[in-house]
Amino acid sequence: MASAGLDLDALLDAARRAALAGGAVVADAFGGVVDVRTKGPGDWVSDADTASERTVREVLTAAAPAIPVFGEEEGGERGTLSWLVDPLDGTTNFLHRFPVVGVSVALVEGDTPLVGVVHAPLLGDTYAARRGGGAFRNDQPLRVSGRPPAEAVLATGTPFRAKHTRLDEYLGVFRAALLTFEDLRRAGAASLDLAWTAAASFDGYFEAALGPWDMAAGALLVREAGGRVTDWHGDPDAWLRSGDIVAASPAVHEALLGVIADAT
């Protein structure tokens, strides 16, 4: 494996520095006037997205020039080992001056995240994990919740990029989940939904049709905090490729997979 000779602590430090640098760009632009264009219905990109991505890329390239960087907005290279970057997760929130936005940086080998940082620049929190090293918020260790499924509050997100192909399927799962668990929340930033699941603010999270940059860092946080991460069919290795993710504490994860199977 390419990861065998890697210094994951040093790469985690690089990811943290990159996410904080990108977050500073986002925070400086928040509430101001930015140029905006659409990539598709409900899918926006602003100058803050691209400026953050370039800043993150500069930090990562300086720290580890041999590792390619792939960003949501400007692309790049993917290799067996590469960085995945979401420079402004929650662009619609950002444009509406709703401060739930994140900068997500993950180092991924194949379909396995090795390092992940999710920084919430407008909330003052930084979540970080490396494989086998635990998950932390502002250097405090995290653990997924122990609440039973009947008392669980789950995060979710609508498949806005796939409304015409996945909406009926998603709504069936949404309805079944709302009837099974205590309640649902939809904040609009996948990386933070996953970070909050790792921190036990949420008991689980499910969404469909995401990009790998949306999920990779946050999913590692959940795993390192003692949770489970799979696709909608329970495959622990397919979610990064399919874009369909279930992340939760073990008991809630099992219950949520059952809900999805029954609803679909």
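Q: Before we look at T230, what is a polar contact?
A: It's a pair of N or O atoms within 3.5 Å; within protein, one must be able to donate a hydrogen and the other to accept it, and residues adjacent in sequence count only if both atoms are side-chain atoms.

Q: And what am I looking at?
A: A predicted model, where local features need pLDDT of at least 70 and side-chain atom pairs 80 or more, while totals for chains, interfaces and linings use all residues. Residues are numbered from 1 along each chain as its sequence is written, and side-chain values use heavy atoms, leaving out hydrogens and water.

Q: OK, which residue shares a polar contact with T230?
A: H253: the two side chains are joined at 3.0 Å.

Q: Where does T230 sit?
A: In strand β14, residues 228-230. Strands (E, at least two residues) and helices (H or I, at least four) are DSSP runs, numbered from the N terminus.

Q: Is T230 buried or exposed?
A: Buried, because its relative accessibility is 1%; the cut-off is under 20% relative accessible area, with exposed over 50% and partly exposed in between (1.4 Å probe, protein chains only).

Q: What else does T230 touch?
A: Leaving aside residues up to four places away in sequence, its contacts (heavy atoms within 4.5 Å) include W239, D244 and L257.

Q: New topic: how many residues of α5 are buried?
A: Nine of the nine, so the rest of the structure largely encloses α5. Among them are L192, D193 and W196.

Q: What comes just after α5?
A: A200, with a positive phi of about 70°.

Q: And how do β6 and β7 run?
A: Antiparallel, with seven bridges joining β6 (residues 102-109) to β7 (residues 112-120). L107 stands opposite V115 in β7.

Note on methods: Two strands pair if DSSP finds at least two bridges between them.
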